[in-house]
Amino acid sequence: RGLRLRSESLRVDDAPPRPGSVTVAADGGRATIAVDRLPGSGSVRITYGAVIRADAATGQLVSRAGTRDTSGRTARAEAAVMIEREAIAGRMTIIG
C-alpha cells in the first residue's frame, strides 16, 4: 500500500523477465513472477522500481517480498523507507 510497481523496471538477474512470467495487479500494488528451477544453493536477483502514490501516508512505508517453491516452502523479505511530506511545497521526501 502506498507503492505502485513500475512494471517496465522489473528485472530478473539484470534482464527483462521472460514473456508470460509476470502478473501485475491492476493497481500495481502486487506482482507475481515465475522463475525457472534453481539448483541447490542457487539464487535469482529480482529488482524493480516503484512509484510512491500521492495518497501514501507520512511515515514508514514497507515493501515486502515473498517466495514459495514447488514444495510449499516460503521465505520473506522486506525493506522500509520513510516518507516525509513538505506542506509548503507539496512535495514528499523519501529517506532510505
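This tour proceeds through the structure selection by selection and states what is found at each stop.

**Before starting**

The structure is a predicted model, in which local features need a pLDDT of at least 70 and side-chain atom pairs count only at pLDDT 80 or more, while totals for chains, interfaces and linings use all residues. Residues are numbered from 1 along each chain as its sequence is written, and side-chain values use heavy atoms, with hydrogens and water left out.

**Stop 1: the whole protein**

Display the entire chain as a cartoon. The protein has 0 helices and 7 strands, where helices (H or I, at least four residues) and strands (E, at least two) are DSSP runs numbered from the N terminus. Read from the N terminus, the elements follow the order β-β-β-β-β-β-β.

Next, colour the chain by pLDDT, the predictor's confidence in each residue on a scale from 0 to 100. The average for the protein is 85, and 89% of the residues score at least 70. Among the elements, strand S2 (residues 22-24) has the highest mean pLDDT, 93, and strand S7 (residues 91-95) the lowest, 61.

Then show the surface. Its accessible area, from the Shrake-Rupley method with a 1.4 Å probe and, for residues, with only the protein chains shown counting as cover, is about 7,600 Å². Carbon and sulfur atoms account for 49% of this surface. Of the 96 residues, 15% are buried; buried means under 20% relative accessible area, exposed means over 50%, and partly exposed lies in between (1.4 Å probe, protein chains only).

Contacts (heavy atoms within 4.5 Å) can also be considered for the whole chain. Of those with a separation of 6 or more, 44% involve residues 24 or more positions apart.

**Stop 2: the loop between S1 and S2**

Select Asp-13, which is in the loop between strand S1 (3-12) and S2. Its phi is near 50 degrees, a positive value in a residue other than glycine. Most residues other than glycine have a negative phi. Asp-13 is partly exposed because its relative accessible area is 45%.

Move on to Asp-14, in the loop between S1 and S2. Asp-14 also has a positive phi, near 65 degrees. Asp-14 counts as exposed because its relative accessibility is 65%.

**Stop 3: from Arg-18 to Val-35**

Select Arg-18, again in the loop between S1 and S2. With a relative accessibility of 42%, Arg-18 counts as partly exposed. Which residues does Arg-18 touch, not counting residues up to four places away in sequence? They are Ala-34, Val-35 and Asp-36. The C-alpha atoms of Arg-18 and Val-35 are 8.8 Å apart in space, although the two residues are 17 residues apart in sequence.

Now centre the view on Val-35, in the loop between strand S3 (31-33) and strand S4 (46-52). Val-35 is partly exposed because its relative accessibility is 39%. Add Ile-46 and Tyr-48 to the selection: with Val-35 they form a nonpolar patch on the surface, with about 260 Å² of accessible area together. Patches are made of residues with over 30% relative accessible area and no salt bridge, with like charges joined within 9 Å and nonpolar side chains (Val, Leu, Ile, Met, Phe, Trp, Tyr) within 5 Å.

**Stop 4: salt bridges**

A salt bridge is a side-chain nitrogen of Lys or Arg within 4 Å of a carboxyl oxygen of Asp or Glu. How many salt bridges does the structure hold? There are 5.

Select Arg-6 and Glu-8, whose closest N and O atoms are 3.1 Å apart in one salt bridge. Arg-6 is partly exposed, at 35% relative accessible area.

Select Arg-53 and Asp-55, another salt bridge, with the closest N and O atoms 2.7 Å apart. Arg-53 is partly exposed, at 30%, whereas Asp-55 is exposed, at 54%.

**Stop 5: the hairpin of S5 and S6**

Select Arg-64 and Glu-78, whose side chains meet in a salt bridge (3.3 Å, N to O). This pair links distant parts of the chain, as Arg-64 is in strand S5 (residues 59-68) and Glu-78, 14 residues apart from it, is in strand S6 (residues 74-86). Are these residues buried or exposed? Arg-64 is exposed, at 61% relative accessibility, and Glu-78 is exposed, at 57%.

Glu-78 is also the bridge partner of Arg-64 in S6. Show both strands in full: S5 and S6 pair in the antiparallel sense over 10 bridges, pairing being counted if DSSP finds at least two bridges between two strands.

Finally, select Gly-72 in this hairpin, which has 5 residues between the strands. Gly-72 takes a positive phi near 90 degrees.
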